[in-house]
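Good morning, and thank you for making time for this presentation. Please look at the sequence and the structure as they appear, and I shall then take you through selected features.

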Amino acid sequence: MAVDNLIPSGSEDLSGSSRSLSRTSLQCNSCDEEDNDSGTGILDEALSHHDPSASGQPSAAHHPYLSHRSLSKSNFEAEHKFVNAMFDHQHQQQQQQQQRLSTGSDIVDRNSWAQPSPSESHLSFSSMLLSSSPRVDSMTPRSILMSQKLQQAHADAVLPQMSPMTPVLNVDIQMMPPLALESQHQQPTVNDVGRHSSAIATKHGSSLTVNNASVSSVLDDEVVGRRLEKEIRKMMIKTHLTDEAPELAGMTEGPQELKRIGDALTRCMALRNKYMKLSLQREADNPRNSPAWNIYPPAPPPAWKNYHEPADSVNVEFDISKVDIPEADQCAFSMGEDGVYAVYESEEARAQGAQPVTNAPSIREFYMDLNYVLDTISDGPVKTWTYRRLRYLDARWQLYILMNEREETMQSKLVPHRDLYNVRKVDGHVHLASAMNQKHLLRFIKYKLKTEPDRPVIVRDGQTLSLRQVFESLNLTAYDLSIDTLDMHAHKGAYHRFDKFNLKYNPIGESRLREIFMKTDNFIDGEYFAQITKEVASDLEQSKYQMAEYRISIYGRSPDEWDKLAAWVVDHKIFSSNVRWLIQVPRLYNVYKAGGHVQNFEQVLENLFRPLFEVTRDPASHPKLHIFLQRVVGFDSVDDESKPERRMHKKYPLPRFWTSTENPPYTYYCYFTMANMATLNQWRLRRGFNTFVFRPHAGEAGDTEHLAAAFLAAQAINHGILLRKVPALQYLYYLQQIGLAMSPLSNNALFLVYERNPFNTYFQRGLNVALSTDDPLQFHFTKEPLMEEYSVAAQIWKYSSVDMCELAMNSVIQSGFEAEVKRHWIGREYLETGQTEVHKTNVPLCRLKYRSSTLEQEYAVIGQMTSGGC
């Protein structure tokens, strides 16, 4: 291997990924400026994006979610002058020190440093900020001035390559990340400094004589740190964790074997890129991320239009008559024999057998690619090599956090206003039917029982029952109800019992109460469920910094499900700037078949996708559905993954011939969801409508084949705890930065105890993980379940504020909110460059730099392997 050091040195090996940091001036009101996104266009433009797999080399710039890790405009090779991101006043200190050296006014040895007191450094930095800020009105808040300065520092920062090979610079050691110092350079010792009887110059020009004891205290941490780094590097060579040459690291694979491993991993990533390109799931492909995207009702304006005039909180009342409904399209569509919809230029073209304007991979192609991925991740040398790389990532993280924890804390403290409570967090995996906590649901039921006892709410055995009659049949009154009576929390009895967990959705164990209070399609048209949903959304709006993407079900039993759901949302005006929707599709074909609702699997696909193609062709045919789809992010596939999947066929039949009562396998559902969504997205992109993504539940239980199918077909997944058993697939998820919305409290109740959850391991290695709640009704107790998830994780794994802010930033990256919204939340140039801003996310630049350099190093290693340069 050509990587010689534990920490890369920013050499030419990584120059392909090197970019210069943007010096664009940043402003607080970042959501108001137009971006340069060019991700919209007609179908031909969408299908002509650059394919990173075309060159045969792994690319670190074209897959989803990598951009936020790599400061894509940063320069990997350290410049001669290191400028700390938070302390741009170092320019002045360097110039003053150089002048003193040149004039000889003070005797300062280059290998001796003085560490100013924290109080002096803090005061000088604060005074510098205020003195160098632009002239503004004296009433301007100090936090605004700080934010202005930090934005400019963020734009002008030149981040050094964090490497032991970086030359020693004449700057203050307290402000310099330890890993930016040269390891092979002659390091100053206490004796060296003592011989000079160091006369250290202060900023006022006076000199301060330092004896051996004081210098020892200054240099003790640095000397110990370097010795510790040296010992760790020796230990890692002995335990085969480094990237030294095979004969040094104990690797048995020769150059040809390493090239085969690199080629296999590269091809797996190219296969995923192919499906992401065809299905238009990349973020830049979605028209909703263009500056021209408009949604009604619009999101409220920022809290501050400028520094002195707070903006009014404007909530536009929804009026369907004000919605602009586009005209119909001339294209025609039909489902082919393969179970995938196709779109044609016109009805005449379809009748004449012309080629469709949409394109989707065949089921044969998908299963061949899936088999290749499965063969790769089960290959012995691949598993061994990827396991070593994951171990290396573990050790690299431990070394980084040892050497930079103080620097991270210092930078984080200097960010005004932002902390864990004041950075945006998105709950990317939460089911609407359980979005409230038990106390909330209990209060709501009691309130309705007291205020509307005689309202007809359900029909049973041909008889209409009022709410009072329902509870009388249960021998209960409002006074009798309690949390224990509801019995909806998933206790120990639900562990590895998904059937018992599903029963917990029934209040008091009664399905009729679930139908009354937690269904959208019932006797009262889901009015109670709409009211409690609006209350939950109102809680999110009051918190301001918490958002959610609620999952709501479309079953595929009948074609009118979409219109009923859209009418429920629009008629009850369930619109919130803090809420977006995902459609979860339960894998319950066998239940529908046994109940006589469908005759074959093709009918399920028609019920799921035909209304979507109809509303895309003519939005006026389903106006409420068109309005609802503007807020829909994508699709989810849900059910018990632990169910055994028996392969009855050597070759799976097409959907119209799947008439068996057995349920199709997980991979079968994945393919037909992705393929039909691909043709739908291509047509919607051509019309300028928003496109959808696929985010299934995967890796919670069952076969690891689910994770391999999701690797090809899905933009992101939920759970993914089984990745801990497949090192090669976990490494691929890391390289592609596939989002994982994980719920450790949910896993703790169902499949995996909290202490064994791999979330912390994934996070330290650099996988794109975020915390989510899954089912607050079953797993949480407080009014803010997402904060409860963060607090438990912080207690168990001892997360710092920086760690939790990084998880919050990941949740925003994974979410389906519009790019203009994300610009305001995490960074002005987020979509174009992936560059986040510290004054918005509270994630220090050194942490972003570490994540970026580590990921790009892994791509460089694979690139060397595929080119035979190991």
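How many aromatic pairs does a search of the whole structure find? The search returns 41 aromatic pairs. I should say at once that this is a predicted model.

One of those pairs is formed by phenylalanine 366 and tyrosine 367, in an edge-to-face arrangement. Their ring centres are 5.6 Å apart, and the planes make an angle of 85°. Both phenylalanine 366 and tyrosine 367 are buried. These two residues also belong to one aromatic cluster, whose members include Tyr275, Tyr589, Phe601 and Trp658. Tyr652, Tyr668, Tyr669, Tyr671 and Phe672 are among the members as well.

Aromatic rings also meet charged groups in this model. Arginine 267 lies over the face of tyrosine 372, 3.9 Å from the ring centre. In a second case, the charged end of arginine 851 sits over the ring of phenylalanine 763, at 5.1 Å from its centre.

Let me turn to the chain as a whole. Its secondary structure amounts to 33 helices and 15 strands. The chain has 870 residues, of which 58% count as buried. About 35,500 Å² of the chain is exposed, and carbon and sulfur atoms supply 49% of that area. If we take the contacts between residues at least 6 apart in sequence, 76% of them join residues at least 24 apart.

Next, the sheet. In which order do the 5 strands of the open sheet lie? The order is E5-E8-E9-E10-E11, with parallel pairing. Strand E5, residues 425-431, and strand E11, residues 693-694, are the edge strands, each pairing on one side only. Helix H28, residues 785-797, packs on this sheet and touches both E5 and strand E8, residues 546-553. The direction of H28 makes about 105° with that of E5.

Within the sheet, strand E9, residues 579-586, runs parallel to strand E10, residues 632-638, and 6 bridges join the two. Proline 586 stands opposite valine 638 in E10.

My last item is helix H24, which spans residues 727-736. Is H24 mostly covered or mostly uncovered? The helix is mostly covered, with 10 of its 10 residues buried. Among the buried residues are the tyrosines Tyr731, Tyr733 and Tyr734, together with Leu729, Leu732 and Leu735. Gln730 and Gln736 are buried too. Glutamine 737 follows H24, and its phi is positive, near 50°.

That concludes the presentation, and I welcome discussion.

Technical notes: Residues numbered from 1 in each chain as written. Predicted model: local features only at pLDDT ≥ 70, side-chain atom pairs only at ≥ 80, totals over all residues. Heavy atoms only, no water. Buried < 20%, exposed > 50% of the residue type's maximum accessible area, 1.4 Å probe, protein only. Helix = DSSP H or I, 4+ residues; strand = E, 2+ residues; numbered from the N terminus. Contact = heavy atoms within 4.5 Å. Areas by Shrake-Rupley, 256 points an atom, 1.4 Å probe, with all protein chains shown as cover. Pairing = 2+ DSSP bridges. Axes fitted to C-alpha atoms, helices over the stretch in contact; angles between N-to-C directions. Phe/Tyr/Trp six-rings, centres within 6.5 Å; stacked < 30°, edge-to-face > 60°. Lys NZ or Arg CZ within 6 Å of the ring centre and 35° of its normal.
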